[in-house]
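Here is a quick walk through one chain, from its strands to its helix packing and a couple of loop residues. Have the structure open as you read.

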Amino acid sequence: MKRVLILLILNFPLSILHSSPAQSAALERLRVGYPSPSANFYPLFATKEANLFEKYGFEPEMIYVQGVQLIAVQVAGQLDFSSVSGLVFLQASVEGSDLILLASSNDSQPMKLMVHSGITGPKDLRGKTVAVTRFGSLTDLLLRPVLKNWGLEPQKDVNLLQIGRLPDMVLAIAQKKVDGGVISFPTLLDFAESGLDIPSTTVVASRKYANSHREIVLRFLKAYIEGTRRLLTDRELGIRALRKYGGVNDRELLTTTYDLFTSRYTKKVPKINPKTVETALNLLAEGNPKAKGRKAEEFMDTSFMDELESTGFINAVWK
């Protein structure tokens, strides 16, 4: 299983640009961002691999922008849509960014706290150093409230250290430069089993864009919903998509990762669950007063998915 989880955290190049040639002069250019070449973003990769964006009239440009930097690029208007962790998106939104949640494919967090063998429980973390990619990143946002729940104050009882890329974190742990890190290895805590359901694979756009381009948003979501169906029903396409965007060629690794994500993490229909957004806001509120008292409805627009459901589109896709 460890070999499977390694795939989830590899970041390979600092930037990757995938674009497909225009199929027709009538196709509209669409810029879609994602923050990691991991299986978390499987639905997006499968949608692209199945040429479903083209089916709905788009010439897609898949743009990889590492980690939390993706939000800054999205806010700057350089992307039309992004697939990103709900925690990272909400962190920016409570600070005032004009972003809105449109869909959610995964309400679990396939991240784990890896520590050295001498650490057997939370109390052993006191005085230790635990690595995160960057402060404010998903790894950081997941770890801080968990430490507090264990009675440990971040940066007082447990030192948090910014490492950068996840592969660098793995190396730092292996070389014992740090005592642990938030990655995708099973050791001290599996965040997916922590009881905290939070949106980890979402689709976001600016509120202004969504309001002024409703027909484009609906077409994007149609492609995304069909892409999710293809992912869950076409094993070979799913494996091919992850090979291309994850940069891994190991067939055993790819097939096991596909089976894990399609059976455990990826939702059949990417509808937003408001309770998961509320949970994420409560987590953020522990470290950011601006998140306190905020309501999930402020940060999501369910009207697009509701329309696709009420018109029978979703049922037709899954016939």
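## A covered strand

Strand 5 (residues 99-106) is mostly covered, with eight of its eight residues buried. Bear in mind that this is a predicted model. Strand 5 pairs with strand 11 (residues 201-206) in the antiparallel sense, over six bridges. If you want a spot to look at in that pairing, try Ala103, which stands opposite Val203 in strand 11.

Zooming out for a moment, the chain comes to 14 helices and 11 strands. Of its 319 residues, 58% count as buried. Take the contacts between residues at least 6 apart in sequence: 81% of them join residues at least 24 apart.

## Strand 9 and its two partners

Which residues of strand 9 are buried on each side? On one side they are Gly180 and Val182, and on the other Gly181 and Ile183, so both faces of the strand are covered.

Strand 9 pairs with two other strands listed here, strand 6 and strand 7. With strand 6 (residues 112-115) the sense is antiparallel, over four bridges, and Lys112 has Ile183 of strand 9 as its bridge partner. With strand 7 (residues 129-132) the run is parallel, and two bridges make the join. There, Val130 is partnered with Gly180 of strand 9.

## Helix 5 and what surrounds it

Helix 5 (residues 86-94) is another mostly covered element, with eight of its nine residues buried. The buried ones are Gly86, Leu87, Val88, Phe89, Leu90, Ala92, Ser93 and Val94. What do these residues pack against? The list runs to helix 4 (69-75), strand 4 (81-84), strand 5, helix 6, strand 11 and helix 12 (274-285). Strand 5 and strand 11, the antiparallel pair from above, are thus both among the neighbours of helix 5's buried residues.

The packing with helix 6 (residues 138-149) has an angle of about 90 degrees, and the two axes are 8 Å apart. Helix 5 and helix 6 are therefore roughly perpendicular to each other. Helix 5 makes the contact through Leu87, Val88 and Gln91, and helix 6 through Leu138, Leu141 and Leu142. By class, that contact has five nonpolar residues, one polar and no charged ones.

## Helix 10 against helix 11

Helix 10 (residues 235-246) and helix 11 (residues 251-265) make another crossing worth a look: their axes come within 9 Å and cross at roughly 115 degrees. The crossing is right-handed. On the helix 10 side, the contact is made by Arg235, Glu236, Gly238, Ile239, Leu242 and Arg243. Helix 11 brings Arg251, Leu254, Thr255, Thr257, Tyr258 and Asp259. The class make-up here is four nonpolar, three polar and five charged residues; for helix 5 with helix 6, the charged count was none.

Two residues help to picture this contact. Ile239, in helix 10, has a relative accessible area of 0%, so it counts as buried. Leaving out residues up to four places away in sequence, Ile239 touches Tyr42, Arg251, Leu254, Thr255 and Tyr258. The C-alpha atoms of Ile239 and Arg251 are separated by 8.3 Å, with the two residues 12 apart along the chain. Asp259, over in helix 11, is partly exposed because its relative accessible area is 32%. Its C-alpha atom is 9.7 Å from that of Gly238, and the two residues are 21 apart along the chain.

## Two loop residues with positive phi

Most residues other than glycine have a negative phi. Gln155 has a positive one, about 70 degrees, although it is not a glycine. Where does Gln155 lie? Look in the loop between helix 6 and strand 8 (159-162). Gln155 is partly exposed, with a relative accessible area of 40%.

Lys176 is the other residue to check: its phi is near 60 degrees, a positive value in a residue other than glycine. Lys176 lies in the loop between helix 7 (166-174) and strand 9 (180-183). Is Lys176 buried or exposed? With a relative accessibility of 65%, Lys176 counts as exposed, since the cut-off for that is over 50%.

Note on methods: Residues numbered from 1 in each chain as written. Predicted model: local features only at pLDDT ≥ 70, side-chain atom pairs only at ≥ 80, totals over all residues. Heavy atoms only, no water. Axes fitted to C-alpha atoms, helices over the stretch in contact; angles between N-to-C directions. Left-handed = near helix turned anticlockwise from the far one by under 90°. Contact = heavy atoms within 4.5 Å. Nonpolar A, V, L, I, M, F, W, Y, C, P; charged D, E, K, R; others polar. Buried < 20%, exposed > 50% of the residue type's maximum accessible area, 1.4 Å probe, protein only. Pairing = 2+ DSSP bridges. Parallel < 35°, antiparallel > 145°, perpendicular 65-115°, else oblique.
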